[in-house]
Each structure stands twice: as structure tokens, then as C-alpha cells.
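Take a walk through this chain, one local feature at a time. Keep the coordinates open as you read.

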Amino acid sequence: MTDKQLTDSEILAKFAVAETRNFAFNQLVRIYQQKLYWHIRKMVIDHDDADDLTQETFIKAWKGLENFKGESQLFTWLYRIATNESLNHLAKKKRRFFLPINDITEELSNKLEDSDMISGDEIQLKLQKALLTLPDKQRLVFNMKYYDEMKYEEIAEITGTSVGALKASYHLAVKKVEEHLKNSPF
């Protein structure tokens, strides 16, 4: 086998054959692991949690790949799994500790300061802290649009939300972030 990157359809074809299933899945992981890790990490902040959730995403992908109908791109399908894993993780964390949203925000904010996710740039840190004040789904939309530079149509496919609702959510998120940054002491 050469080292060229397989297309989604090649991966799916190889996954369907028992002899090449592991190879195909390894290719899938190689292509998407880093993108999914950073997508998850921007939501959960903590490296260990992001690592675990990335692994969970690929476990679910392994279990569901043979039933994948190809009605969306593999990328979109994987992002949907990763997004759901992230949102479920954050919801469980809030329920498990019976923490109000402010306590979760503060906990994530503290992890953010200790994280290697921020290069030490104070403005980037302030932006990340401002993002933590957003509701999880709004933060998700902001991250996908601003950082991942996804089109609204892609985000809609991943989240199952209308393009109009996503545009409104992104606009609100931007306003809240701007407001937070404006009122935050530098």
C-alpha cells in the first residue's frame, strides 16, 4: 500500500472487506484524528478529556461505520459524533457535580490558563475565556465557524440545526464575545 491519503469512498470500500478493514480504519484515524481532537479540545478545554473523547469518537465510528449510508461526508459524520460526545461530556460534568454554569465556566477557565492550547498570547487567552461564557451550543457554532472556517451548511449538517438558526447563534455569540472583551480589563 502506498502512503497516499485515501478518499472517503476508498476507505469505506476497504472497510467493507474483512482483510482490509483495519487498514481502512487506521487511514480514517490518521486523516481525521487531529482535526477531531482540536474540535473537541476547543469545547472541553482539558487535554485528557479531549483525548478520551477523541478515542470514544473513533470507537463509535468503528462500531457504526459498516452501517454508514454515505448520505453525508465521512468528515461530517465524524464531526457529528465528536460534537455529541463533547456536548454530552459537558452536560454530564455539570450534572455530576451539580455545578451551576458559572462554576463550570470557572473550572474550564482555570484549565485554560494551565493549558498548552494557548500560546501565551494574552488576547487569545481573553478570547478563549470570553468563549467560555457562551452556552455550549453557541460556543460550538462559534468554534466551527470562526476557527474551523466551516460553511453554515456543513455546520447545519453536523448539528442538525437550520442555517438561519446557526447564523443567528453565531451573530449572538460574536456580540457576546465582543461585549465580554470590551468590558474585560486588559
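What follows covers a loop, a helix face and a set of aromatic contacts.

The model is predicted. Begin with aspartate 46. This residue sits in the loop between helix 2 (21-44) and helix 3 (47-64). Its relative accessibility is 18%. Buried means under 20%, so aspartate 46 counts as buried. Its side chain also makes a backbone contact. A polar atom of the aspartate 46 side chain lies 3.2 Å from the backbone nitrogen of aspartate 48.

Now look at the aromatic rings. A search of the whole structure finds 13 aromatic pairs. A pair of aromatic rings is described by the distance of the centres and the angle of the planes. One pair joins phenylalanine 25 and tryptophan 62. The centres are 5.0 Å apart and the planes meet at 85 degrees, an edge-to-face arrangement. This pair links distant parts of the chain. Phenylalanine 25 belongs to helix 2, tryptophan 62 to helix 3, and 37 residues separate them. Phenylalanine 25 is buried, at 11% relative accessible area. Tryptophan 62 is partly exposed, at 34%.

Tyrosine 146 and tyrosine 147 form another edge-to-face pair. Here the centres lie 4.9 Å apart, with 90 degrees between the planes. Both tyrosines are partly exposed: tyrosine 146 has a relative accessible area of 43%, and tyrosine 147 has 25%. These two rings belong to a wider group. Ring pairs link Phe142, Tyr146, Tyr147, Tyr152 and Tyr170 into a cluster.

Tyr152 leads on to helix 8, which spans residues 152-159. Which residues of helix 8 are buried? They are Tyr152, Ile155, Ala156 and Ile158. Seen down the axis of helix 8, these buried residues fall within an arc of 165 degrees, so they line one face of the helix. The spacing fits a general rule. An α-helix has 3.6 residues a turn, so residues three or four places apart point the same way. After helix 8 comes glycine 160. Its phi is positive, near 70 degrees.

Finally, consider charges over rings. Tyrosine 152 takes part here too: lysine 145 lies over its face, at 4.5 Å from the ring centre. Tyrosine 152 is therefore a shared point in this account, being one of the buried residues of helix 8 and a member of the ring cluster. A second case involves arginine 21 and phenylalanine 15. The charged end of arginine 21 sits over the phenylalanine 15 ring, 4.9 Å from its centre.

Conventions: Residues numbered from 1 in each chain as written. Predicted model: local features only at pLDDT ≥ 70, side-chain atom pairs only at ≥ 80, totals over all residues. Heavy atoms only, no water. Helix = DSSP H or I, 4+ residues; strand = E, 2+ residues; numbered from the N terminus. Buried < 20%, exposed > 50% of the residue type's maximum accessible area, 1.4 Å probe, protein only. Polar contact = N/O pair within 3.5 Å; in protein donor to acceptor, adjacent residues only side chain to side chain. Arc of directions from axis to C-beta. Phe/Tyr/Trp six-rings, centres within 6.5 Å; stacked < 30°, edge-to-face > 60°. Lys NZ or Arg CZ within 6 Å of the ring centre and 35° of its normal.
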